[in-house]
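Got your viewer open? Let's take a short walk through this model, one selection at a time.

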Amino acid sequence: MTSPADDPNAALLAQLKMSSSVSGMKSNDDVLALLTAEPDPDPLAGVEYTGDEEDDARAELDALHRGFRERTARELERMQLATESEYWFCVCFKSQDDKGAFLTTAGLVVIGDKYLDGYATAELLGVTMPEPDDTERG
């Protein structure tokens, strides 16, 4: 097994983990599931070909149109989740040194120095969070 320093995906995994407050990811297994997720389904997979070129072309176009509509709906949901602004807050200090001192003293610098995962922060501060409602998060 490779060490984290030898892992070429370590930076990507760390970045994905830092974004877990949005997606609900809390473990390496969650990150791995995201990285190995199945691609969008093939919209032509369900087309039944009849041998009639006109009918088959119409069936393909209908399937592609349906696939684009479904993908658009999923993208709209993803965009809404990605741009929702009511799930984060900002803490400011007079200087970068003050910010660093706070993060270090609070033991939070281990999870970041600018954008911190809310669940990781809560865990380090000993704050018990309610279980996320996956249906609400998308």
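## Stop one: a threonine and its surroundings

Select Thr121 and show its side chain: it reaches the backbone oxygen of Asp117, at 2.8 Å. Keep in mind that you're looking at a predicted model. Now turn on the cartoon view, and you'll see that Thr121 belongs to helix H6, which covers residues 118-125. Is Thr121 buried or exposed? With a relative accessible area of 15%, Thr121 is buried. To see some of its company, add Leu108, Ile111 and Leu116 to your selection: Thr121 is in contact with them, leaving aside neighbours within four places in sequence.

## Stop two: two cysteines

Next, pick Cys90 and Cys92. A disulfide is a covalent bond between the sulfur atoms of two cysteines. So how many disulfides does a search of the whole structure find? The search comes back with zero. Click on the sulfur of Cys90 and you can see why: the closest cysteine sulfur, in Cys92, is 3.6 Å away, too far for a bond, because a disulfide needs the two sulfurs within 2.5 Å. Both residues are exposed, Cys90 at 54% relative accessibility and Cys92 at 64%.

## Stop three: a nonpolar patch

Switch to a surface view and colour Phe89, Val91, Phe93 and Phe102. Together these residues form a nonpolar patch on the surface, with about 430 Å² of accessible area. Finish by zooming in on Phe102, which sits in helix H5 (residues 96-105). Phe102 counts as partly exposed, at 39% relative accessibility.

Terms used: Residues are numbered from 1 along each chain as its sequence is written. This is a predicted model: local features need pLDDT of at least 70, side-chain atom pairs count only at pLDDT 80 or more; totals for chains, interfaces and linings use all residues. Side-chain values use heavy atoms; hydrogens and water are left out. Buried means under 20% relative accessible area, exposed over 50%, partly exposed in between (1.4 Å probe, protein chains only). Patches are made of residues with over 30% relative accessible area and no salt bridge: like charges are joined within 9 Å, nonpolar side chains (Val, Leu, Ile, Met, Phe, Trp, Tyr) within 5 Å. Accessible areas come from the Shrake-Rupley method with a 1.4 Å probe; for residues, only the protein chains shown count as cover. A salt bridge is a side-chain nitrogen of Lys or Arg within 4 Å of a carboxyl oxygen of Asp or Glu. Helices (H or I, at least four residues) and strands (E, at least two) are DSSP runs, numbered from the N terminus. A polar contact is a pair of N or O atoms within 3.5 Å; within protein, one must be able to donate a hydrogen and the other to accept it, and residues adjacent in sequence count only if both atoms are side-chain atoms. Contact means heavy atoms within 4.5 Å.
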